[in-house]
Amino acid sequence: MNRLFLLLCAVVLGPGRALADASAAGYLGADLAKLDATGPSAQAPSLLPTLLNVVFSLAFVVGLVYLAYWALLKWRNRQGAPAGGERVGLIKVLEKHYIDGRHAVAAVELGDEIVFLGLGQDVQVLSRVSDPEAVERLRQAAPLPQALMGFKEQFARVGLKMKRDEWGQAKQAMRTQAEELKTQMERMKSRRGDKP
């Protein structure tokens, strides 16, 4: 307990006064004097090694990012995904919509026509569109695959979905408020009708 008191005195009152109190106390005074005389000399690290360490660490992290980007591009090219949304070859899947776990409908561009396919255990041709104007309209209506969309397009798509959801929620809230107002009006009319 006495040691703890001396240590607190050293912290609060400062080392000079604490040493005087410690030497008066008898024990621990010599130990505190040694600490004061040979105290740790904390020197700040020099600027050049610290700066070099930061620069090399940053270069290493940036190099890892570029390496990951390069590996992703190589993997995507092996998968056959076009770079930057350009057309590759004669066959292009415009859109695919899953009906359930095993069945889907796909719009596939084959040369100058668009073929609608029913996908399941067997592939069935549902329809063909070969009119150039209709083909161009369908091409324009087809969404970009999410993997090929830029940040701006994906952000706009999410924003549009959120706006639709908010609009639907606002319409539902207005309907419920209108129904509540209607019931309150009916209650007020019935109360007026009861009173002569």
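**Exercise 1. Work out how strand 1 and strand 2 (residues 104-110) pair, and place them in their sheet.**

Solution. Strand 1 and strand 2 pair in the antiparallel sense over seven bridges, where pairing requires that DSSP finds at least two bridges between two strands, and strands are DSSP runs (E, at least two residues) numbered from the N terminus, as are helices (H or I, at least four). Within this pairing, Lys96 has Ala106 of strand 2 as its bridge partner. Next, the open sheet consists of four strands in the order 1-2-3-4, with antiparallel pairing. Its edge strands, each pairing on one side only, are strand 1 (91-98) and strand 4 (124-129).

This is a predicted model, in which local features need pLDDT of at least 70, side-chain atom pairs count only at pLDDT 80 or more, and totals for chains, interfaces and linings use all residues. Residues are numbered from 1 along each chain as its sequence is written, and side-chain values use heavy atoms, leaving out hydrogens and water.

**Exercise 2. Determine whether Ser130 is buried or exposed, and which residues it touches.**

Solution. Ser130 lies in the loop between strand 4 and helix 5. Ser130 is exposed because its relative accessible area is 51% (buried means under 20%, exposed over 50%, partly exposed in between, with a 1.4 Å probe and protein chains only). Leaving aside neighbours within four places in sequence, Ser130 is in contact with Asp112, Glu113 and Val135, contact meaning heavy atoms within 4.5 Å. The C-alpha atoms of Ser130 and Asp112 are separated by 6.7 Å, although these residues are 18 residues apart along the chain.
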